[in-house]
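Work through the exercises below with the sequence and the 3D structure at hand. Each task is followed by a solution in steps.

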Amino acid sequence: GRSLYGEVGQSFDPARGRELLAQASYPDGVGFPQIRLLFLQSEMSSLLVNAVADMWRDNLNVDVELESSSWDTYQESVSTGEADVFYAGWVSDYNDPDGFFTPLRLAGSSWANFESAEFSRLVDQAAAVTDDPAARQALYIEAERILCEQEMIVIPILHHYTE
C-alpha cells in the first residue's frame, strides 16, 4: 500500500450530518430513534464507543445507548441484525487488502449482513490480478468506496499495524 486517508470514506462534517438528518425529517435530530451501540467490554473499545457516542450526541443531537456484552450475546446480536451499530475490529493474517475484503464478500458470513454483487465482483477481480499492482489497487479502492461511501456499512475509526 498507500494511505487513502482523506481519499476514501466520509470526512467529519457535522453540518452535512445535520443537513442529512433534516432531509430525513429529523431536524436537529428531533424524533430520531435512539441508537444502540453494542461493543465487547475492554478499555480500548470503551474509550472508542464513548467518544463516538459523545460526537453523535454533541454534533447531531442523536441519543446513543452504549451496551457492552459477553462474546456470545454480542455475536448473536450482530449476526441477527439486532444491534443498530456495533464496534468491531479485524486483524488480517496477511498484509493485503484481500485479507480485509474477502470476509465481507462471502455471502452469509458477513457480520454486517452485507451483500453487494458489485463489491463481490470488484474483490474477485482484484484478487485475480497478479501482474499489475496499480490495477489491483484501483479495484480494491473502488470496493472500499462501496463499503465506506455508498453503502456505509463500515466506518473506519483507526488502524494499527506491526512489522
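A nonpolar core is a set of buried Ala, Val, Leu, Ile, Met, Phe, Trp, Tyr and Cys residues joined through side-chain atoms within 4.5 Å. Buried means under 20% relative accessible area, exposed over 50%, and partly exposed in between (1.4 Å probe, protein chains only). Helices (H or I, at least four residues) and strands (E, at least two) are DSSP runs, numbered from the N terminus.

This is a predicted model, in which local features need pLDDT of at least 70, side-chain atom pairs count only at pLDDT 80 or more, and totals for chains, interfaces and linings use all residues. Residues are numbered from 1 along each chain as its sequence is written, and side-chain values use heavy atoms, with hydrogens and water left out.

**Exercise 1. Find the residues at the centre of contacts in the largest nonpolar core, and the helices that supply it.**

Step 1. The largest nonpolar core has 16 residues, and F101, F119, V123 and L147 touch the most other members.
Step 2. At least two residues of this core come from each of α4 (98-105), α5 (117-128) and α6 (133-150).
Step 3. The largest share is that of α6, with seven residues.
Step 4. Another core lies apart from this one; it has six residues, including L37, V52, A53 and V64.

**Exercise 2. State the secondary structure content and its order along the chain.**

Step 1. The protein has six helices and three strands.
Step 2. Along the sequence they follow the pattern α-β-α-β-α-β-α-α-α.
Step 3. As for burial, 29% of the 163 residues count as buried.

**Exercise 3. Describe the sheet: what is its strand order, and which strands are at the edges?**

Step 1. In general, strands of a sheet pair through backbone hydrogen bonds, either parallel or antiparallel. Here two strands are taken to pair if DSSP finds at least two bridges between them.
Step 2. The three strands form an open sheet in the order β2-β1-β3, with parallel pairing.
Step 3. β2 and β3 are the edge strands, each pairing on one side only.
Step 4. Six bridges join β1 and β2 in the parallel sense. Among the bridge partners, L37 is matched with L66 of β2, and L38 with E67 of β2.
Step 5. β1 is mostly covered, as five of its six residues are buried.

**Exercise 4. Which residues of α2 are buried, and why do they line one face?**

Step 1. α2 (residues 43-60) has 18 residues. From first C-alpha to last, α2 reaches 25 Å, close to the 26 Å expected at 1.5 Å a residue; the expected span is 1.5 Å times one less than the number of residues.
Step 2. S45, L48, V49, V52, A53 and L60 are the buried residues of α2.
Step 3. Seen down the axis, these buried residues fall within an arc of 130°, so they line one face of α2. The arc is that of the directions from the helix axis to the C-beta atoms.
Step 4. The face turned away from the buried side carries exposed E43, L47 and D58.
Step 5. Contact means heavy atoms within 4.5 Å. The cover over the buried residues of α2 includes α1 (14-23), β1 and β2.
Step 6. α2 packs on the sheet, touching β1, β2 and β3, and its direction makes about 165° with that of β1. Axes are lines fitted to C-alpha atoms, for helices over the stretch in contact, and angles run from 0 to 180 degrees between N-to-C directions.
Step 7. N61 follows α2 and has a positive phi, near 60°.

**Exercise 5. Repeat the analysis for α3 (residues 71-79).**

Step 1. Y74, S77 and V78 of α3 are buried.
Step 2. They cover an arc of only 95° around the axis, which puts them on the same side of α3.
Step 3. D72 and E76 are exposed on the other side of α3.
Step 4. The buried residues of α3 pack against β1 (35-40), β2 (64-69) and β3 (85-86).
Step 5. α3 lies across these strands and runs at about 135° to β1.
Step 6. Just after α3, G81 takes a positive phi of about 80°.

**Exercise 6. Is Y140 buried or exposed, and what is Y140 in contact with?**

Step 1. Y140 is found in helix α6.
Step 2. Y140 has a relative accessible area of 3%, so Y140 is buried.
Step 3. Leaving aside neighbours within four places in sequence, Y140 is in contact with D96, P97, D98, F101, V123, A126 and A127.
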